[in-house]
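This briefing concerns the structure shown below. It takes up strand pairing, helix packing, burial and pockets, grouped by topic.

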Amino acid sequence: MAYERLVEKEQTARCLLCAEGPCKKACPHNVKIDRIIRSLRFDNREGAKEYLGESNPCLTCSEHNCENACNRGMLDEPVKISSIISRLEPKTNKVENVDLSIEFCGVRCENPFFLSSSIVGSNYEMIAKAFDMGWAGVAFKTIGAFVPEEVSPRFDTLEKESNPFIGFKNIEQISDHTLEENLEYIRQLKKYYPTKVILASIMGRDEEEWTYLANVCTEAGADIIECNFSCPHMSGEGLGSDVGTNPELVAKYTAATRKGTSLPILAKMTPNITNMEIPAIAAVKNGADGLAAINTIKSVMNVNLNSFASGPDVMGKSAVGGYSGKAVKPIALRFIHDMKVNQELKDIPVSGMGGIETWRDAAEFMALGCETIQVTTAVMQYGYRIIEDMISGMKAYLSDCGYSSVKEIVGKGLQNLLPAEKLNRKSIEYPKFNKSECVGCGRCYLSCYDGGHQALKMGEDNKPVMDAKKCVGCQLCKVVCPVGAISKGTRVNIK
């Protein structure tokens, strides 16, 4: 089963996630192949079963028209669609009635899923489409009293093996629409989508602008004001993360924002700092009702070793920019944790972001105390449609675990993160080797010998053999096993 899931994972990762799947159009049985593959790709197995239904035509299909039509075949070979779907188990679990609604800073949200302040939420047409698809709210792209000059290009990515998008860099600034255009977008959105939640992200250049922007966004119909104290690449001093790393400026500008609105205020924090709690406390003491974290991380991406230009390459030049995407998720979770265990911040609502692609990512942020989550980079890569699997996958997870509301998982993971000195250091948990699933590649042996404690050797059957006297239970072997043939084993107390 582990090997089959590995193949399934690799094959769904090969799918180009076409806008209009030719595989679906070619299927004589009208199977929603593109949706099934996409659900599996985004860790929503129960959703994939829903799209398949009670019967599985792929078990008896011999035509494989779907694979013949697969666009991936133009590059190398088609995705093995029939193999993936024929192995998909029939749906047996009924998803019980689960409530995804949640209250955030006194504002009701139909679900916890928001677009974060960026290009993905920057005009009426875009946001209306997202709302229609199921997103509960948007942090509108940061509004200022000025329109910045932008560069071209402004994006670059970090690749890893076959994945071209594990990390993402941007050097884009705040909204390139005028203030009045942005205010009109908000007015129209509230008119036609009154139950959706609009966070008006703002950035001022002085106290007067912070107050003014908060006031006009409130009058336009925003539900929450989000103070952008964290953009890492504004082309000017005293903006973005220059504020977020300075508690005095955070305090001053939060207080100025409070003068302009009676709405809840979020302070969006920068990760380009050691202790996020310090400016966060300054924001709360001066009028912030909640926090948003994290914004992007200052970064330099990719140096071309022919031209020695970095990316994004703007006529041979670039600048330090903001790093986002799946790779920043552990960093974001660390900052969320640090704020939620702080005595002065533990009861302050947090909207979390940073590397969220799936319902599982979102649930992890919520388990560490976030009440809502925000997404940008995954939408830029895959489109607004990821909300379908976020909602479906979250409902299935909650139902399977016996929860009736998403509120029940908020903060449940905090109790299991302890200071390092409080972890059990008096026992060893040995790895367990499943030789029937082992393919004999030797990856565990290489890693253990060259990067561990030389506790493994390869047996006559080309399968690993462990020396318990040398094994320290680090489980590096489990981490590197490419087929999932190593799992947790017996835990033994040591003297």
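Lys-169 has Tyr-323 of β14 as its bridge partner. This pair belongs to an antiparallel pairing of β6 with strand β14 (residues 321–324), made over 3 bridges. The model is a predicted one, and the points below begin with the sheet that holds these two strands.

**Open sheet**

- The order β5-β6-β14-β11 describes an open sheet of 4 strands with antiparallel pairing.
- Its edge strands, each pairing on one side only, are β5 (155–160) and β11 (297–299).
- On average, and with direction ignored, neighbouring strands of this open sheet are turned by 45 degrees against each other.

**Closed barrel**

- A closed barrel is formed by 8 strands with parallel pairing, in the order β3-β4-β7-β8-β9-β10-β15-β16.
- Neighbouring strands in the barrel sheet are turned against each other by 25 degrees on average, direction ignored.
- Within the barrel, β3 (residues 113–115) and β4 (residues 137–143) run parallel and are paired over 2 bridges; Leu-115 has Val-138 in β4 as its bridge partner.
- Helix α8 (residues 179–192) packs on this sheet, where it touches β4 and β7 (197–202). The direction of α8 makes about 170 degrees with that of β4.
- Helix α14 (residues 359–367) also packs on the barrel sheet, in contact with β3, β15 (350–353) and β16 (372–375). Between the directions of α14 and β16 the angle is about 135 degrees.

**Strand β8**

- β7 and β8 are parallel and joined by 4 bridges, and Ile-202 stands opposite Cys-227 in β8.
- Strand β8 (residues 224–228) is largely enclosed by the rest of the structure, because 5 of its 5 residues are buried.
- The burial extends to both faces of β8: Ile-224, Glu-226 and Asn-228 lie on one side, with Ile-225 and Cys-227 on the other.

**Ser-39 in helix α3**

- Ser-39 is a residue of helix α3 (residues 33–41).
- The relative accessibility of Ser-39 is 0%, so this residue counts as buried, the cut-off being under 20%.
- When neighbours within four places in sequence are left aside, the contacts of Ser-39 are Asn-44, Arg-45, Gly-47, Ala-48, Tyr-51 and Asp-389.

**Largest pocket**

- The largest pocket holds about 1800 Å³ of space.
- Its lining comprises 41 residues, and those closest to the centre are Lys-9, Glu-10, Ala-13, Arg-41 and Asn-163.
- At least two lining residues come from each of α1 (2–14), α3, β6 (163–170), α14 and α15 (377–382). Of these, α1 gives the most to the lining, with 9 residues.
- The lining of the largest pocket divides by class into 18 charged, 16 nonpolar and 7 polar residues.

**Second largest pocket**

- The volume of the second largest pocket is about 360 Å³.
- There are 22 residues in its lining; Cys-18, Ala-19, Glu-20, Gly-21 and Asp-34 lie nearest the centre.
- Two or more lining residues of the second largest pocket are given by each of α2 (22–26) and α3.
- In this lining, 11 residues are nonpolar, 9 charged and 2 polar.

Notes
Residues are numbered from 1 along each chain as its sequence is written. This is a predicted model: local features need pLDDT of at least 70, side-chain atom pairs count only at pLDDT 80 or more; totals for chains, interfaces and linings use all residues. Side-chain values use heavy atoms; hydrogens and water are left out. Two strands pair if DSSP finds at least two bridges between them. Axes are lines fitted to C-alpha atoms, for helices over the stretch in contact, and angles run from 0 to 180 degrees between N-to-C directions. Contact means heavy atoms within 4.5 Å. Buried means under 20% relative accessible area, exposed over 50%, partly exposed in between (1.4 Å probe, protein chains only). On a 1 Å grid over the protein atoms alone, a cavity is a set of points where a 1.4 Å probe fits but cannot get out, and a pocket is an open set with protein on both sides within 12 Å along at least five of seven lines; lining residues have an atom within 4 Å of a point. Grid points are joined across faces, edges and corners, and a volume is the space filled by probe spheres set on the points. Ala, Val, Leu, Ile, Met, Phe, Trp, Tyr, Cys and Pro count as nonpolar, Asp, Glu, Lys and Arg as charged, and the others, Gly among them, as polar.
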